[in-house]
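Student: Hi! I'm new to this one and would like to look around it with you. Can we open it up?

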Amino acid sequence: MLPIKTNLLLALGYAGLAGLIALFFQLPAPLWPSAGLAAFAALAGGWRWMPGIALGSWVANDLLLGWSTPGALWVTLGNVLGPMVGVFLLRRIPPVSQQPFARTRGVVGFFTLVGALNGLIAGLFGAIGVTLFEKPAVADFGGILLQWAISDGSNAVLLAPALYLWWKNPHLKKPEHGWGEALTATVLLLGLTALTFFQPPEALIIEYGATALILLPLTWLALRCSQRDAYTLLAFVFLIMLGATLSGYGPFAKPGIELPLTNLQIRISMLAAVIMLASALDGERRSAIRALAELNAELEARVQERAKRIEASHARLRRIVETLPSPMVLTFLSNSAIIEANPAAAATFGYRTDELAGRAFLPFYADPDERKDLVRELQAEGTVRSREMPFVHRDGHKLWLLISAALIQDGEHPLVLLSFQDITSAKAREHELAHHATTDALTGMTNRRHFLECAEHLLHESPSSQAPAALLILDLDLFKAVNDLHGHLAGDKVLRQVAFSIQANLRQQDLCGRLGGEEFGVLLPNTDEHGATELAERLREAVERLVIPLDGGARLRPTISIGGALTGGTKATPLIELLAHADHALYAAKDAGRNRVVFWSPPIPLPVAASC
């Protein structure tokens with residue numbers, strides 16, 4: 001059932017606004033506030049209120065503005081279809097069906113559909129009506145379409161929201177932040193608008209940018225007052241701008257009336273969009289804060305309940321950990337924070353038990369990546385057994401622990417239970433044995449067996465095994481005479497000094513070792529013939545420069561002979577073959593007078609005599 005009274009009031013309002021505009025402007029008018037009333041009717045009442053808009057439009061165009069009846073009916077159809085199509089599409093945007101200005105998507109949809117699309121539809125009907133029914137010979141279709149669309153669209157976005165918001169909430173309430181702030185902002189806004197727009201055009205320093213001066217108080221009102229009140233004040237701002245422009249003042253005062261009013265309506269529409277968006281964003285922010293507060297309250301209650309359950313579970317685990325004699329630590333999986341450590345565990349790391357609670361256990365790992373590996377295995381298997389891992393004692397020295405760990409699911413917080421045994425002494429003995437097994441006791445160099453193992457790996461198993469390499473054998477010249485004349489202690493001193501000199505002149509990647517007696521081996525990876533020759537000469541010269549004092553005042557100046565062999569390029573050369581070649585080259589260096597470097601080269605085959 002149609003609300004007859006409401007439709008009659010809408011018809012009267014539409015026709016009254018149109019008649020008021022007709023007193024000041026010729027057809028088609030550059031300003032049409034009736035379009036705002038039509039957009040409000042479409043928003044608030046839908047099709048039930050549109051008969052009043054249709055009646056008012058027909059009366060205004062046919063009886064007041066002097067249109068022909070067919071033209072008036074045609075324009076009336078556009079005045080009804082424009083806002084209804086825009087509102088129909090706006091209602092399809094979730095969730096704006098009941099509150100079109102509460103969300104930013106609703107605001108954007110309103111300005112796009114009820115503003116731009118509505119104005120375009122009304123302008124299209126109006127331009128067709130003028131060219132077909134009224135002044136076909138003199139009508140400018142494009143100009144009428146543009147002016148009509150801007151006028152209807154601008155008035156729709158300016159008036160419809162204010163009317164709709166007052167219709168939804170007609171009661172005047174005290175602003176949230178008090179009357180003082182609201183009145184201050186209102187006076188500042190209206191005063192600044194009047195001051196800016198009632199100046200002669202030639203007195204303005206900023207022309208079209210003058211509207212930006214009122215953005216600050218407008219935005220202030222949009223963020224601190226209700227959306228309805230801010231938009232209502234924007235309508236008063238428009239009336240001040242309109243009055244000043246029609247009186248020939250302000251930045252939009254130009255010759256004629258259509259262009260100034262069109263410019264004014266475009267600017268006020270932009271201000272309306274900014275204010276409505278700012279207000280909607282602030283509303284969304286407030287809604288999000290309220291929702292977050294409610295969610296926080298709910299979460300806090302849940303957290304407190306779960307915290308009680310977790311604390312009870314932790315208390316049981318603490319009792320278990322404290323009563324076991326072996327070192328045990330209970331930590332969170334996520335951040336390694338220590339929940340409980342028994343006295344045996346605290347003593348292992350040099351702490352008191354109360355000093356470990358809450359401390360992160362990650363810094364106790366000598367290598368943090370070790371914990372990452374441990375966590376990955378725990379997450380995959382659930383337990384880890386008897387893993388040797390390095391840790392750090394409170395005083396900084398390294399601890400070796402034999403770790404067993406289990407992943408415990410305690411509510412939403414997985415825990416790690418670690419038990420361990422201190423094997424630092426055993427690891428030290430193991431390291432000492434390994435050192436003795438691979439190191440020459442006299443010189444501190446790698447011994448023969450370990451040197452050959454490492455050389456084999458570098459030559460044939462490392463990623464750079466195809467790169468050129470060189471093997472050197474260094475032999476002390478006339479070393480037997482040193483032992484015979486000065487004794488074996490002097491000979492040992494010479495061997496140590498020569499070994500130190502060799503190591504001091506090698507590169508980081510080079511491998512050296514004592515092959516036995518007075519003979520040393522050096523492997524030069526990634527080294528061609530030129531580089532090997534230079535390095536071998538450097539070693540020879542370094543030994544030649546040595547002056548070794550002995551007991552009794554004697555001074556020895558040792559020399560070495562060096563035999564070298566190069567790998568066969570892209571083809572891997574067996575280590576035993578390299579050793580044989582380097583040994584042959586060493587003998588050649590000795591035969592040539594010692595204290596020199598000789599590299600092995602393959603023998604040149606003798607020519608075969610031709611047979612008769």
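Student: Where is Val303 placed?

Tutor: Happy to help! Keep in mind that this is a predicted model. Val303 sits in helix H10, which covers residues 258–323.

Student: And is Val303 buried or exposed?

Tutor: Val303 is exposed, because its relative accessible area is 52% and the cut-off for exposed is over 50%.

Student: Which residues make a nonpolar surface patch with Val303?

Tutor: Leu292, Leu295 and Leu299 do. Together with Val303 they form a patch of about 340 Å².

Student: Okay, new topic: charges. How many salt bridges does the structure hold?

Tutor: There are 19 salt bridges in the structure. One of them pairs the side chains of Lys590 and Asp475, at 2.7 Å from N to O.

Student: Which parts does the pair of Lys590 and Asp475 tie together?

Tutor: Lys590 is in helix H19, while Asp475 belongs to strand S6 (residues 469–476), so this pair links parts that lie 115 residues apart in sequence.

Student: Nice. Is Lys590 buried or exposed? And what about Asp475, buried or exposed?

Tutor: Lys590 counts as buried, with 18% relative accessibility. Asp475 counts as buried too, at 10%. Both get that label because the cut-off for buried is under 20%.

Student: Let's try another pair. What do the side chains of Asp484 and Lys480 meet in?

Tutor: They meet in a salt bridge, with an N to O distance of 2.9 Å. Both residues lie in helix H16 (residues 479–486), 4 residues apart, which is about one turn of the helix.

Student: Are Asp484 and Lys480 buried or exposed?

Tutor: Both of them are exposed.

Student: Which residues are joined into one network by salt bridges that share partners?

Tutor: That network joins Arg352, Asp354, Glu355 and Arg394. Within this group, the side chains of Arg352 and Glu355 form a salt bridge at 3.6 Å, N to O.

Student: One last spot. Where is Asn595?

Tutor: Asn595 is in the loop that runs between helix H19 (575–591) and strand S12 (597–599).

Student: What does the side chain of Asn595 make a polar contact with?

Tutor: Its partner is the side chain of Arg540, at 3.1 Å.

Student: And which residues is Asn595 in contact with, leaving aside neighbours within four places in sequence?

Tutor: Besides Arg540, Asn595 is in contact with Asp477, Glu544, Thr559, Ile560 and Ser561.

How values were computed. Residues numbered from 1 in each chain as written. Predicted model: local features only at pLDDT ≥ 70, side-chain atom pairs only at ≥ 80, totals over all residues. Heavy atoms only, no water. Helix = DSSP H or I, 4+ residues; strand = E, 2+ residues; numbered from the N terminus. Polar contact = N/O pair within 3.5 Å; in protein donor to acceptor, adjacent residues only side chain to side chain. Contact = heavy atoms within 4.5 Å. Patch = residues over 30% accessible without salt bridge, like charges linked within 9 Å, V, L, I, M, F, W, Y side chains within 5 Å. Areas by Shrake-Rupley, 256 points an atom, 1.4 Å probe, with all protein chains shown as cover. Salt bridge = Lys/Arg side-chain N within 4 Å of Asp/Glu carboxyl O. Buried < 20%, exposed > 50% of the residue type's maximum accessible area, 1.4 Å probe, protein only.
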